[in-house]
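Here's a quick walk through this model, starting from a single residue and working outwards. Have the viewer open as you read.

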Amino acid sequence: MSKLRTIALVGNPNAGKSALFNALTGARQKIANYPGVTVERKAGRITLPSGQPAELIDLPGSYGFDATSPDEEVTRKVVHGELEGEAVPDALVLVLDAANLEQHLVFAQEVIALGRPVVVALNMVDLAERDGLILDPAALEAALGVPVVPTVAVRRRGLDALLERLGDTAAHQSGDPQPHITLPERRLAARNIAKAAILSETSTRRLHTGLDRVLLNPWVGPVILFGLLFVMFQAVFAWATPFADALDGAIGAISGWVTATMPESLLRDFITEGALAGVGSVIVFLPQIVILFAFILVMESTGYMARAAFLMDRLMSGVGLSGRSFIPLLSSFACAIPGIMATRSIADPKDRLTTILIAPLMTCSARLPVYTIIIAAFIPNDSIVTGVGLQGLVLFALYVAGIVGAMAVALILRRTITAGAASGFIMELPRYQLPRLTDLLMGLWQRAWVFLRRAGTIIFAATVILWLLLSFPKAEPGESQVDASVAGTVADGLHVVLAPIGFNREISLALIPAMAAREVAVASLATTYAVDADDEEAEAEGLATTLKTRWSLPTALAFLAWFVFAPQCLSTIAVTRRETNGWKWPIVMLVYLFALAYVFAGITYWSAVALGL
Ligand SMILES: Nc1nc2c(ncn2[C@@H]2O[C@H](COP(=O)(O)OP(=O)(O)OP(=O)(O)O)[C@@H](O)[C@H]2O)c(=O)[nH]1
Ligand SMILES: [Mg+2]
């Protein structure tokens, strides 16, 4: 049997390689309208027109083979066959952005000069046409000396022709490697080749330039960005409420039905206290998660996200970081894990390390249930002015607290352990695109599914274990079940340390399983109070109501402050270990974040007590 042919996708960042990869293999790699989305090598299967299967490899975008960022290194190694146990790819698909041809031709020449079988996918011809740019693929083919196929990856246009030409290259004898051409020579050649390939060009780019003039304006731009984020957090509360209430009602109804129909038993307790109260208390946050991601996905696909990075560059350089760090940090609003992985596009090792260390301070979506339940219980649903709710404002403030904390830590780190000069920021701005509804819905569905899967696996498992530890040994008559249980005893121990910052025993208990995932804190509280409830009526009342009657406001605020900082996520620690190749930095991260959490929760608690709240 002959060896499986391998074909690698190469090109500048944001050329549409992953979109092409998804279209050809049916995979669902993340694509977004900014450079540096893909940071790893990913492989998938395709079938060539001859019926022969082949392996297609998606790679991080690159500006050149001598680049230094970790993601670009992956590309270089794969293309040169330097990766262990992997041969040089049999063919390369060079993906070029038709509307940015001159820029993309600089790296393209380097790829073609390797003398290996190459097919050019002249991608995004739809966008070029929209901008009034008509290209001549034949002229490009003549100038580059390799086949050129126009494609529109996101509309699956040109895929058959591309595969056809790829099949042909199997028969091609690869050319000889060409002598090295210097960067200035390649730049000059790129301009000439691009010029020769342009059939006509009109300037309909005016609208976009106008948009950029407003959105990137140093005064207006940040106001718009701030306003957008503000609206986003208001929406998380205002729009989600009816859906969240409906979900809550449904879960309550199921719980009531189980209690009414099942005889009293351990199994019934498990279903109502563990599964429904615990996991259910997390699932009701699905609408909030979906709304948050709808905003993020729209910002990513329109091209606004890269503009936000550009805007933030000045602020970031003030604390010794560059706008390069902005995108990993922004990804961390979803989850710190992809955020930390996205730092691979940062070339400077100290910049990268700093970004990794502060990424967990960005408010990830797992904190949303924790914040929301406390806000719903303790912050009145008032409007400050029409349309501006107090609850949304508090949520916004918590996000801001995380950001300010991260910037302060970065400032300190850049003066001490990761001292060094901030590197300059280079990032080309992607063109504006209207988001496609199907992509948006698909993206939302994926996010919702990830959330529900977490609820069904890790959150469920942690809640079950906690429920077991809470339910045994059984209490003597007159004794409270939580007091009697194993979990209660453990919590008493931890409570000694946490009592000075205003935490009660239930919080102390919740923080342990919440190391698995932050949402578990909510599930744990719900389960603990359900187990503790002495009658079914008390059991049936919502978690927010229970918290309101049992916690003081200073305790609730201290709990919020804790979650702004605390590294309650083992996966983040694990990914930090992997990305920094050792235990040193994850330990530094754990220690400093717990210390900050403790100090700030304490300050919050005692200030609130002093203010008489
Ligand atoms: N209109 C249009 N948009 C496209 C086309 N191909 C890709 N896109 C969009 O361009 C953006 C970038 O696509 P990606 O596939 O993420 O680009 P990439 O080359 O993998 O980028 P990196 O992973 O950062 O190197 C996304 O928003 C895509 O939806 C195309 O042919 N036409
Ligand atoms: Mg990609």
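## Around Gln288

Set aside the neighbours within four places in sequence, and Gln288 is in contact with Val236, Ala240, Ala244, Leu368 and Thr372. Gln288 itself sits in helix H12, which runs over residues 286-302. One more pair to look at is Gln288 and Ser365: they are 77 residues apart along the chain, yet their C-alpha atoms are separated by 9.2 Å.

Is Gln288 buried or exposed? It counts as buried, because it has 24 C-beta neighbours inside 10 Å, and the cut-off for that label is 20 or more.

## How far to trust it

Keep in mind that this is a predicted model. The protein chain has a mean pLDDT of 89, with 96% of its residues at 70 or more. As for the global scores, ipTM comes out at 0.98 and pTM at 0.83.

## The chain as a whole

The protein chain has 28 helices and 10 strands. Its radius of gyration is 27 Å, close to the 25 Å that the globule rule gives for 613 residues, so the chain is as compact as a globular protein of that length. If you're setting up a box, the C-alpha trace spans about 90 × 60 × 45 Å along its principal axes.

Buried residues make up 46% of the 613 in the chain. Of the contacts with a separation of 6 or more, 73% are between residues 24 or more positions apart.

## Two domains

The domain assignment splits the protein chain into domain 1 (5-201) and domain 2, which comes in two pieces (220-420 + 444-611). Their centres, taken over C-alpha atoms, are 41 Å apart.

Where the domains meet, 9 residues of domain 1 are in contact with 13 residues of domain 2. On the domain 1 side, the touching residues are 4 nonpolar, 4 polar and 1 charged.

## The shell around ligand 1

Which residues come nearest to ligand 1? Out of the 25 around it, the answer is Gly16, Ser18, Ile31, Thr38 and Gly61. Two elements give two or more residues to this shell: helix H1 (17-25) and helix H4 (125-130). H1 provides the largest share, with 3 residues.

By class, the shell around ligand 1 is made of 13 nonpolar, 10 polar and 2 charged residues.

Technical notes:
Residues are numbered from 1 along each chain as its sequence is written. Chains are lettered from A and ligands numbered from 1 in the order in which they are written. This is a predicted model: local features need pLDDT of at least 70, side-chain atom pairs count only at pLDDT 80 or more; totals for chains, interfaces and linings use all residues. Domain bounds come from an automatic or database domain assignment. Two residues are in contact if their C-beta atoms, placed from the backbone, lie within 7 Å. Ala, Val, Leu, Ile, Met, Phe, Trp, Tyr, Cys and Pro count as nonpolar, Asp, Glu, Lys and Arg as charged, and the others, Gly among them, as polar. A residue is near a molecule or strand if its C-beta atom, placed from the backbone, lies within 6 Å of it. Helices (H or I, at least four residues) and strands (E, at least two) are DSSP runs, numbered from the N terminus. pLDDT is the predictor's confidence in each residue, from 0 to 100. The radius of gyration is taken over C-alpha atoms; the globule rule is 2.2 Å times the number of residues to the power 0.38. A residue is buried if 20 or more other C-beta atoms lie within 10 Å of its own, exposed if 12 or fewer, and partly exposed in between; C-beta atoms are placed from the backbone.
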